[in-house]
Amino acid sequence: MRVAPLARPTLAAVLAVAALVGTPRAAAAFCRTTTCRPDKDPENCKKDINGCSTKGTPLVWPTSCVSVAMDKGLTRSLPPELTVGPLANAFASWQEATCPDGKKPSIAFVTPKEPVSCTEPQANTNGPNVNIVFFRDDFWPYRGIDGTLASTTVTYDTDGTIWDADLAINAASNPLTTSTTNVKYDLESIVLHEVGHFIGLNHSDNGEAVMYASYSPGSVSRKLQADDLKALCTVYPSTRAATCDPKPRGGQATSCEATSPGSSSGCAIAADPAAAASATGGTSLFALGSVATLGLGMLLRPRRRHRRAAPPSHR
């Protein structure tokens, strides 16, 4: 993982996932992303034996519901009806999980009322913002790592408060699929991992976890494992005293043009997705997941790739 500054007083954490075939290692616990930046301060930003950062403030969304938009153009690689469901299901898996106390985690996702057109990870310190999920169909801009499957850019304040997150999916280099047969690179599995980064989690050293730092081409991993649930319910317990306020910092943008280069801040009882949607005039992202259909995406030559961190986006 590499992190890079955006505009003061914010930082941007860029996390990426790509395929790595290997033997999973057992591990003791999950890891959280923190404000400590090993790219800038490698001496102080040390990791423990599980690969977790021992310095810095852990990242967290302060609200119990986060607005997430899908770029209305989606991707040319898959029909829209086969694309929306897997994306929504990936987010729904995290918000609909059950914690040890039998309750939902204190994080939910809703979609803005207006459609959004945006294919760039951006965060605006002086205007509206949008947490966007988008595909890159024609090229992957990060040099040297065109094999990366996806990249999540998380923007946060120095106190660890997340206020913007953007998820880019590499459809330019990878044959994405949505079926459980003839699998190449399973879209839902990839996005499920990236949503973990979206909410402030880092890679886990537990080989069974969704947040494990590798993906095997042709595999399907659409279910959170014990380590993932422990991470989720530790960071977003049902008892967190946060309110539902999904409006992005500066207001809701409907396009990248409405933002300028730059990267929303607590939680108690998990926000009910329907209630959150009603409060914002939006739509529960989980509701979209209920209409998921499966099918085959564009078939290209499958390749094995290492998961590596994407360089920070230029803003």
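Is Glu-43 buried or exposed? Select Glu-43: with a relative accessible area of 59%, Glu-43 is exposed. Here, buried means under 20% relative accessible area, exposed means over 50%, and partly exposed lies in between (1.4 Å probe, protein chains only).

This is a predicted model, in which local features need pLDDT of at least 70 and side-chain atom pairs count only at pLDDT 80 or more, while totals for chains, interfaces and linings use all residues. Residues are numbered from 1 along each chain as its sequence is written, and side-chain values use heavy atoms, with hydrogens and water left out.

**The whole chain**

Begin with the entire chain displayed. The chain has 5 helices and 11 strands; these are DSSP runs, numbered from the N terminus, with helices being H or I of at least four residues and strands being E of at least two. Of the 315 residues of the chain, 57% count as buried. The chain exposes about 12,800 Å², and carbon and sulfur atoms supply 52% of that area. Accessible areas come from the Shrake-Rupley method with a 1.4 Å probe; for residues, only the protein chains shown count as cover.

**Salt bridges**

Return to Glu-43 and add Lys-46 to the selection. Lys-46 forms a salt bridge with Glu-43, and the closest N and O atoms are 3.9 Å apart. The term salt bridge denotes a side-chain nitrogen of Lys or Arg within 4 Å of a carboxyl oxygen of Asp or Glu. Lys-46 is partly exposed, at a relative accessible area of 41%. The structure holds 7 salt bridges. Side chains of opposite charge can pair when their charged atoms come close.

Next, select Asp-138 and Arg-76. These two residues form a salt bridge whose closest N and O atoms are 2.4 Å apart. The pair links distant parts of the chain, 62 residues apart: Asp-138 lies in the loop between β6 (132–136) and β7 (150–157), and Arg-76 in the loop between β4 (69–70) and α1. Asp-138 is exposed, with a relative accessible area of 59%, and Arg-76 is exposed as well, at 61%. Add Asp-137 to the view: Arg-76, Asp-137 and Asp-138 are linked in a network of salt bridges.

Then select Arg-136 and Glu-120, a salt bridge in which the closest N and O atoms are 3.2 Å apart. This pair also links distant parts of the chain, with Arg-136 in strand β6 and Glu-120 in the loop between β5 (108–111) and β6, 16 residues apart. Arg-136 counts as buried at 8% relative accessibility, whereas Glu-120 counts as partly exposed at 34%.

**Helix α1**

Select residues 80–95, which make up helix α1, and highlight Val-84 within this helix. Val-84 is partly exposed, with a relative accessible area of 23%. Show Met-70 alongside: Val-84 and Met-70 are 14 residues apart in sequence and 8.3 Å apart in space, C-alpha to C-alpha.

**Aromatic rings**

Aromatic pairs are defined for rings of Phe, Tyr and Trp (its six-membered ring) whose centres lie within 6.5 Å; planes under 30 degrees apart count as stacked, over 60 as edge-to-face and the rest as tilted. By this rule the structure has 5 aromatic pairs. Select Phe-91 and Phe-109: their ring centres are 5.0 Å apart and their planes stand at 75°, so this pair is edge-to-face. Phe-91 in helix α1 and Phe-109 in strand β5 are 18 residues apart, and their pairing links distant parts of the chain. Phe-91 is buried, at a relative accessible area of 2%, and Phe-109 is buried at 0%.

Now add Phe-198. Phe-91 and Phe-198 form an edge-to-face aromatic pair, at 5.5 Å centre to centre and with 85° between the planes. The pair links distant parts of the chain, joining helix α1 to helix α2 across 107 residues. Phe-198 is buried, with a relative accessible area of 0%. With Trp-61 added, the view holds one aromatic cluster of Trp-61, Phe-91, Phe-109 and Phe-198.

**Helix α2**

Finally, select residues 187–198, helix α2. At 1.5 Å a residue, the 12 residues of this helix should span 16 Å, and its end C-alpha atoms are 16 Å apart, which agrees. The expected span is 1.5 Å times one less than the number of residues. Because 12 of the 12 residues of α2 are buried, the helix is largely enclosed by the rest of the structure. The buried residues include Glu-188, His-193, Glu-194 and His-197. End at Gly-200, which follows α2 and has a positive phi, near 105°.
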